[in-house]
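Q: Please take a close look at one connecting segment of this model, and then relate it to the rest of the chain. A single connected account would be preferable to a list of values.

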Amino acid sequence: MAAARRHRAGRILIGIVIMIIVAAIPFVILSRYAGGWGVPYFSFVTDRGTTCVNDFTGYHCGNLTRADIEWWGDIKLPVGTKLISSHYKSTHDFTLDALVEIPVAKQKPTLRSLEKSFGKCVADHPTVMDTTGLKRICVRANDASEDSDSSRPLADTLYEVTSAYRRNGALLVNIHEESR
């Protein structure tokens, strides 16, 4: 009789372990791939290395890699660029905000690239960048400051790219882009 009870207890224990394993397998699969499937509140990593989190209307990413800033911002940043802060949010629209510091050796080519991509500085244009203590502030923008009589078609993306120098000579570039 005691042997039968031990045998029955062993079968029950084995059954419980099997049920736990069967229940855990879908959870492991879900937690591993749910972010890539777009399940809200699960994270995923972009092809360029940034970790993002899904929400009900899209996804958001913080601490972007330089490659993702270049990808989403359609901007070229030199190797050695220091990322100070960054955020990307995608719903039916998108918003990209990034503040970077350009290495001294790459400042002139970067400023030429910014002018080629985003145009010349717009005089007296406001900026979202905190310019306290900065000098030689240059704002490149295509928002409401654009000439409404312009023959150019409206861009799909609004941008404000601000460059400025710290007192120590470091070049800061603030990138703010959003879909129209």
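A: A helix here is a DSSP run of H or I of at least four residues and a strand is a run of E of at least two, with both kinds numbered from the N terminus. The model itself is predicted.

The segment chosen is the loop between α3 (107-118) and β6 (135-141), where Asp 124 has its place. Asp 124 has a positive phi of about 55°, although this residue is not a glycine. Most residues other than glycine have a negative phi. The relative accessibility of Asp 124 is 81%, and because this value is over the 50% cut-off, the residue counts as exposed.

The loop between α3 and β6 also holds Gly 133. At 36% relative accessibility Gly 133 lies between the cut-offs of 20% and 50%, so this glycine counts as partly exposed. With neighbours within four places in sequence set aside, Gly 133 is in contact with Tyr 165 and Arg 167. The C-alpha atom of Gly 133 is separated by 6.9 Å from that of Arg 166, a residue 33 places away along the chain.

Positive phi values recur elsewhere. Asp 74, just after α2, takes a positive phi of about 50°. Tyr 41, again not a glycine, has a positive phi near 70° and sits in the loop between α1 and β1.

The wider frame in which the loop is set is as follows. The chain comprises three helices and eight strands, and from the N terminus on these elements run α-β-β-β-α-β-β-α-β-β-β. The radius of gyration is 26 Å, well over the 16 Å that the globule rule gives for 180 residues, so the chain is more spread out than a compact globule. Along the principal axes, the C-alpha atoms fill a box of roughly 95 × 40 × 25 Å. Of the 180 residues, 32% count as buried. Among contacts between residues at least 6 apart in sequence, 43% join residues at least 24 apart. The chain exposes about 11,800 Å², of which carbon and sulfur atoms supply 59%. There are 22 positive and 19 negative side chains, with the centres of the two sets 16 Å apart.

The aromatic rings can be followed from the N-terminal helix onward. With ring centres required to lie within 6.5 Å, the count comes to seven aromatic pairs. One of them joins Tyr 33 and Trp 37, which are stacked at 6.1 Å centre to centre with 25° between the planes. Tyr 33 and Trp 37 are separated by about one helical turn because they stand four residues apart in helix α1 (residues 2-37). Tyr 33 is partly exposed, with a relative accessible area of 43%, whereas Trp 37 is exposed, at 56%. Tyr 41 and Phe 56 make an edge-to-face pair, 5.4 Å centre to centre and with 80° between the planes. This pair links distant parts of the chain, 15 residues apart: Tyr 41 in the loop between α1 and β1 (43-45), and Phe 56 in the loop between β2 (51-54) and β3 (59-62). Both partners count as exposed, Tyr 41 at 60% relative accessibility and Phe 56 at 67%.

One aromatic cluster consists of Phe 44, Tyr 59, Trp 72, Tyr 88 and Phe 94. Of these, Trp 72 is buried in helix α2 (residues 66-73), as are Asp 68, Ile 69, Glu 70 and Gly 73. The buried residues of α2 pack against β2, β3, β4 (82-90), β5 (94-102), α3 and β8 (171-179). Helix α3, which precedes the loop described at the outset, is thus one of the packing partners of α2.

Strand β3 contains Cys 61, which is buried at 0% relative accessibility. Not counting residues up to four places away in sequence, Cys 61 touches Thr 50, Thr 51, Cys 52, Trp 72, Ser 86, His 87 and Tyr 88. The C-alpha atoms of Cys 61 and Ser 85 are 11 Å apart, and 24 residues separate the two along the chain. Two of the residues that Cys 61 touches, Trp 72 and Tyr 88, belong to the aromatic cluster.

Note on methods
Residues are numbered from 1 along each chain as its sequence is written. Side-chain values use heavy atoms; hydrogens and water are left out. The radius of gyration is taken over C-alpha atoms; the globule rule is 2.2 Å times the number of residues to the power 0.38. Buried means under 20% relative accessible area, exposed over 50%, partly exposed in between (1.4 Å probe, protein chains only). Contact means heavy atoms within 4.5 Å. Accessible areas come from the Shrake-Rupley method with a 1.4 Å probe; for residues, only the protein chains shown count as cover. Lys and Arg count as positive and Asp and Glu as negative; His and the chain ends are not counted. The place of a charge is taken as NZ of Lys, CZ of Arg, CG of Asp or CD of Glu. Rings of Phe, Tyr and Trp (its six-membered ring) pair if their centres lie within 6.5 Å; planes under 30 degrees apart count as stacked, over 60 as edge-to-face and the rest as tilted.
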